[in-house]
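Here are a few short exercises to work through with the model open beside you. Try each task first, then follow the solution step by step.

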Amino acid sequence: MSVKIRKGDQIEVISGRSEDKGKRGEVIKVNPDAGRVVVQGVNLRTKHQRQVQAKGRTMNPGLVRFESPIHISNVMLVCPKCNKATRVGLSRDGEKVQRICKRCNGLIDE
């Protein structure tokens, strides 16, 4: 099954951790094999980074915050026209396939 969310789309978190629920953000990366997406500003994790020297460069030590992947079933695409979280449908015109909003029937890809 193809993934209907792509890099650069605006999404809304519909379930998961309580502090992330309802947040909106842009998709940074999509991993269709694992069924996960990385969203800017959502599911932030903290890593304790030690100072490392590699290839003549030094990585600074300290706390590093980064976005961790979230399951694709926990997010919904935000329609650019009606500005609401919506399901995505596919419309086929000959060889061209376009994504459509199930709420307002507007085209998502323009």
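**Exercise 1. Find how strands β3 and β8 pair, and name a bridge partner.**

Step 1: Locate β3 at residues 36-39; its pairing with β8 is antiparallel and runs over two bridges. Strands here are DSSP runs of E with at least two residues, helices are runs of H or I with at least four, and both are numbered from the N terminus. Two strands count as paired if DSSP finds at least two bridges between them.

Step 2: Look across from V37, and you meet its bridge partner I70 in β8.

Before going on, please note that this is a predicted model, where local features need pLDDT of at least 70 and side-chain atom pairs count only at pLDDT 80 or more, while totals for chains, interfaces and linings use all residues. Residues are numbered from 1 along each chain as its sequence is written, and side-chain values use heavy atoms, with hydrogens and water left out.

**Exercise 2. Work out the strand order of the open sheet and name its edge strands.**

Step 1: Trace the six strands in the order β8-β3-β2-β1-β9-β10, with antiparallel pairing.

Step 2: Check the edges: β8 (70-71) and β10 (85-86) each pair on one side only.

**Exercise 3. Describe the hairpin of β11 and β12.**

Step 1: Match β11 (residues 88-93) with β12 (residues 96-101); the two run antiparallel and are joined by six bridges.

Step 2: Pick one pair: G89 stands opposite I100 in β12.

Step 3: Turn to the link, where two residues lie between the strands and G94 takes a positive phi near 70 degrees.

**Exercise 4. Decide whether the chain is spread out or a compact globule.**

Step 1: Count the secondary structure: there are zero helices and 12 strands.

Step 2: Compare the radius of gyration, 18 Å, with the 13 Å that the globule rule gives for 110 residues; the value is well over the rule, so the chain is more spread out than a compact globule. The radius is taken over C-alpha atoms, and the rule is 2.2 Å times the number of residues to the power 0.38.

Step 3: Add the box filled by the C-alpha atoms, roughly 55 × 35 × 25 Å along the principal axes.

Step 4: Finish with burial: 29% of the 110 residues are buried, meaning under 20% relative accessible area with a 1.4 Å probe, protein chains only.

Technical notes
Buried means under 20% relative accessible area, exposed over 50%, partly exposed in between (1.4 Å probe, protein chains only).
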